[in-house]
Structures are given as structure tokens and as C-alpha cells.
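Subject: The structure I promised you

Hi,

Here is the structure we talked about, for you to open and turn around while you read. My notes on what turned up follow below.

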Amino acid sequence: MRAALDEAGRAAAAGEVPVGAVVALDGRVIGRGHNRPIGARDATAHAEVEAIRAACREVGDYRLPGTVLYVTVEPCLMCVGAAVHARMARIVYGAPEPKAGAVVSAFRALEHPTLNHRPEVVAGVLADQCCEVMQAFFRERRERQPAE
């Protein structure tokens, strides 16, 4: 999760919402990503998707069995779907995302009865640090906005 937090810092430095993700296989990071939809001009350039794409390139396959997705914030519906399609073994996330989280917060996507694969989920890993990164980013953004 600390590697995912480093990725979140890269997103924040680029002015993107600070979400970071890494994909690990057998304890080794094989994919890294951070939010970059603004810079990439790509709505799908979420941290999780970026990390999954990098991991797929690394292993030379679109399936990632046995891998773990570490992400600083509960994944959205698109990112949960990407993890399912990649056949990832586990999703580990830090902070809940009450507005768009698709594991337990806003949706429970992995509970859909027709899914043919369900990654294991571990929630709340380094949650305080993950929350602080997000809160600091939005606090700073609010402070920079001119008073009306």
C-alpha cells in the first residue's frame, strides 16, 4: 500500500485527484498507476486501470491470475470491473469512497449474482494515511479558490 501511496503523490503533484495503485504478483510490483484522466484526456485513466494495463504488458497477457491490486481509495465501478475481467485474486484498498466506491460504499458490484469471478477484498489498509492524502488535496484546492 505504501507504493500505492507514492503513486497517489504523483497524481497530486500533477494536479490530479490523488489516487494511486499497484499490482503485485508473488510480492513483486508488476504494474503501477496513478490517476491521470485530466492529463491524459482519458476518462478511463484511473489509477487502477493504469496499473492493470502496466501489469498486463509486464506479463504479456490480459489475465492476471494470482495478482493483488493495491489502491489507496475504494475502486469505482469501472475499476472493479477491470479487476474482475483481469481475474485478479485480490483487491486491497485503503480509504472508503462513499460517493462512487463499488465494493461496499455506493455499490456492491462484487455481489452481483452473474459474475464469473470475484476477487477477495481487504479494506482499510493504511486507511488513515489514504484518507489524509485525499483530504489534504481537496483542502488545498478549496483554499486556492477565490472567495465569492
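One bit of vocabulary first: a residue is called buried when its relative accessible area is under 20%, exposed when that value is over 50%, and partly exposed in between. Glu 120, for example, has 43% relative accessibility, so Glu 120 counts as partly exposed. Also keep in mind that this is a predicted model.

Since we have started with Glu 120, let's stay there. Which side chain does Glu 120 meet in a salt bridge? The partner is Arg 90, at 3.3 Å from N to O. This pair links distant parts of the chain, as Glu 120 sits in strand β5 (residues 120–123) and Arg 90 in strand β4, 30 residues apart. Arg 90 has a relative accessible area of 29%, so Arg 90 is partly exposed too.

How many salt bridges are there by the rule used here? The count comes to nine. Here are some of the others:

- Arg 139 and Glu 132 form a salt bridge, with their closest N and O atoms 3.0 Å apart. Both are partly exposed: Arg 139 has a relative accessible area of 35%, and Glu 132 is at 37%.
- Arg 144 and Glu 140 meet in a salt bridge at 3.1 Å, N to O. Both lie in helix α5 (residues 127–144), four residues apart, which is about one turn of the helix. Why does that spacing suit a pair in a helix? An α-helix has 3.6 residues a turn, so residues three or four places apart point the same way. Arg 144 is exposed, with a relative accessible area of 57%, while Glu 140 counts as partly exposed at 44%.
- Glu 7, Arg 10 and Arg 32 are joined into one network by salt bridges that share partners.

Now for the inside. The largest nonpolar core has 25 residues, and the ones that touch the most other members are Val 23, Ile 52, Leu 64, Val 80 and Met 88. The elements giving two or more residues to this core are β1 (20–25), α3, β3, α4 and β4. Which element gives the largest share? That is α3, with five residues. Apart from this core lies another, of seven residues, including Met 1, Val 68, Ala 95 and Cys 130.

Have a look at α3 next. Does the helix come out at the length you would expect, or what does the model show? At 1.5 Å a residue, the 13 residues of α3 should span 18 Å, and the end C-alpha atoms are 18 Å apart, which agrees. Its buried residues include Ala 47, Val 49, Ile 52 and Cys 56, but also Glu 48 and Glu 50. Among the elements covering the buried residues of α3 are β1, β2 (28–34), β3 and α4. Just after α3 comes Gly 60, with a positive phi of about 75°.

Then there is helix α4 (residues 77–85), where the buried residues are Cys 79, Val 80, Ala 83 and Val 84. Seen down the axis of α4, these buried residues fall within an arc of 145°, so they line one face of the helix. What do they pack against? The answer is α3 (47–59), β3 (67–73) and β4 (90–95). Val 80 is worth clicking on: leaving aside its neighbours within four places in sequence, Val 80 is in contact with Pro 75, Ala 102, Val 103, Ala 109 and Leu 110. After α4 comes Arg 87, whose phi is positive, near 60°.

The aromatic rings make a short story, as the count comes to one aromatic pair. Phe 137 and Phe 138 form this pair, which is edge-to-face, with 5.1 Å centre to centre and 85° between the planes. Phe 137 counts as buried at 10% relative accessibility, whereas Phe 138 is partly exposed, with a relative accessible area of 30%.

One last stop is Ala 14, in the loop between α1 (2–13) and β1. Is Ala 14 buried or exposed? At 56% relative accessibility, Ala 14 counts as exposed. The C-alpha atoms of Ala 14 and Asn 35 are separated by 9.2 Å, though the two are 21 residues apart along the chain.

Cheers

Terms used: Residues are numbered from 1 along each chain as its sequence is written. This is a predicted model: local features need pLDDT of at least 70, side-chain atom pairs count only at pLDDT 80 or more; totals for chains, interfaces and linings use all residues. Side-chain values use heavy atoms; hydrogens and water are left out. Buried means under 20% relative accessible area, exposed over 50%, partly exposed in between (1.4 Å probe, protein chains only). The arc is that of the directions from the helix axis to the C-beta atoms. Contact means heavy atoms within 4.5 Å. A nonpolar core is a set of buried Ala, Val, Leu, Ile, Met, Phe, Trp, Tyr and Cys residues joined through side-chain atoms within 4.5 Å. The expected span of a helix is 1.5 Å times one less than its number of residues. Rings of Phe, Tyr and Trp (its six-membered ring) pair if their centres lie within 6.5 Å; planes under 30 degrees apart count as stacked, over 60 as edge-to-face and the rest as tilted. A salt bridge is a side-chain nitrogen of Lys or Arg within 4 Å of a carboxyl oxygen of Asp or Glu.
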